[in-house]
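Trainee: I am new to this structure and would like to go through it step by step. Could we look at it together?

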Amino acid sequence: MTVIKSRLFGREIILFSVILLFVEFIRGAALISFLPIYGEKSLGLSLDIIGIAITAHYLTDTVLKMFIGYLLDRFSIRFVVHIGLLFSIAGIVLIPFAHQPWLFIAASALYGVGISPIWIVCLTRVTGDRRAMQMGFFYTIWFIGIGAGPIVSNLLLDHSRTATYYMLLAVAALSWLLALFLSNGRVSGTAPSLPVSEQFAVLKERLRHMRLLLPGMVLQTMGAGMLVPILPSFAEDKLGMNGAQYSLLLLAGGVCTIVSLMPLGRLSDMLGGKKWFLVLGFVLIGAGLYLLSLAPPMWVCILLTGVLGISYATLLPAWNALLANYVPPKQQGLGWGIFSTVEGVGGMIGPVVGGTLALWQSQTEVLLYCGIMYAAIGFFYIWFPFRAFHDHKTHG
């Protein structure tokens, strides 16, 4: 047990985790509560401009993941994370002066530059036979940060938008200062020995071997993205919930996810049955969304949301531990960058698909289609070959 803890909670991992917590705290606070309110009330911007700005943030974050992964294989961790966080601070500094729509969008996009490096660095530190447990740990940190950010921001916004802004700026500056203590080495440990063209050839070969994983990589994030624009209105219009009840619903899902991530990740490592963790997670999410689309009573909705949280915690560590098998050991930054970009594509198109479906049909159909899609992914992976879940790092 002592060995496990030292490997999982060493000084380096703790430092990465604290920076990740702060970065995701600011992201949740800024995108979910601060930017929409500050942009409209303080800067006088329209909602469509605010929506474009938030999309620009995610677009920057997604597109840069591959490029930042490439940099992490060539420059030190400290340098890349430090420069990325400096861009983020610059984006936050611009916000009070962004009365023009283009500047507000640029500030939001600039903030997205600093998100990718620390997350990819954390992914590259997931090694050995406890990948799923380590993934569970990092995702727990991520959930806490992105969940606590909007809560704290909303409480402060009730008193002062200016105070909320300076809180975000202070946390961003603190994360930037902590990055000074990061390792000065590269994520892969050694300088790249292959030319760029050959490195991409190796990654192309890996992607060919994992082609059956690609649908799940895109569709699972697309499904989550489809729900983002319709959940609040679905809760109000179809479930008859007020704001407090909807918050309770989200809290039930979030708490169940956070509490379950590390235990289920460790269980996945112990049992070694990552395939069945994927199948069970996807199918349960599909079933939970389908049952929610039937608009059951409040207590059933809370129960189903808790089940969805546990299902997500079942799926997530095993899924990312599986992806780790396909990352070339000497190209971890580039490899994780490409995989994160592929997943990010689903997250980018999901809100557009969900919003369009809701406009053409209704919010209920969006939940129903998402449920069917997740269940279909789960059943598809029943026939997924077990050899794909074995460690491929020894082959390149």
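Trainee: What distance separates the end C-alpha atoms of helix α4, residues 77–94?

Mentor: Bear in mind throughout that this is a predicted model. Helix α4 has 18 residues, and because each is counted at 1.5 Å, with one less than the number of residues entering the product, the helix should span 26 Å. The computed separation agrees with that expectation, as the end C-alpha atoms of α4 are apart by 26 Å.

Trainee: How does the span of α13 compare with what its residues should give?

Mentor: Helix α13 covers residues 274–293, and its 20 residues, at 1.5 Å a residue, should span 28 Å. The distance between the end C-alpha atoms agrees with this, being 29 Å.

Trainee: Which residue following α13 has a positive phi?

Mentor: Most residues other than glycine have a negative phi. The loop between α13 and α14, the latter covering 298–324, holds a residue that departs from this pattern, with a phi near 55° although the residue is not a glycine. The residue that follows α13 with this positive phi is A295.

Trainee: Is A295 buried or partly exposed?

Mentor: A residue counts as buried under 20% relative accessible area and as exposed over 50%. A295 has a relative accessible area of 34%, which lies in between, so A295 is partly exposed.

Trainee: Which helix gives the most to the lining of the largest cavity?

Mentor: There are 3 cavities of 30 Å³ or more, and the largest cavity holds about 80 Å³ of space. Its lining includes I26, A30, F34 and L35, together with G91 and I92, and the last two, G91 and I92, are also among the buried residues of α4. At least two lining residues come from each of α2 (11–42), α4, α5 (101–113) and α8 (161–178). With 4 residues, the helix that gives the most is α2.

Trainee: Which helices each supply at least two residues of the nonpolar patch?

Mentor: The patch lies on the surface and is formed by Y58, L59, V63, V345, M348 and I349, which together have about 480 Å² of accessible area. The helices that each supply at least two of the patch residues are α3 (47–72) and α15 (332–360).

Trainee: What is the relative accessible area of M348?

Mentor: M348 has its place in helix α15 and is one of the residues of the nonpolar patch. Patch residues need over 30% relative accessible area. M348 is partly exposed, and its relative accessible area is 31%.

Key
Residues numbered from 1 in each chain as written. Predicted model: local features only at pLDDT ≥ 70, side-chain atom pairs only at ≥ 80, totals over all residues. Heavy atoms only, no water. Patch = residues over 30% accessible without salt bridge, like charges linked within 9 Å, V, L, I, M, F, W, Y side chains within 5 Å. Areas by Shrake-Rupley, 256 points an atom, 1.4 Å probe, with all protein chains shown as cover. Salt bridge = Lys/Arg side-chain N within 4 Å of Asp/Glu carboxyl O. Buried < 20%, exposed > 50% of the residue type's maximum accessible area, 1.4 Å probe, protein only. 1 Å grid on protein atoms, 1.4 Å probe; cavity = no way out; pocket = protein on both sides within 12 Å on 5 of 7 lines; lining within 4 Å. Points joined across faces, edges and corners; volume = space filled by probe spheres on them.
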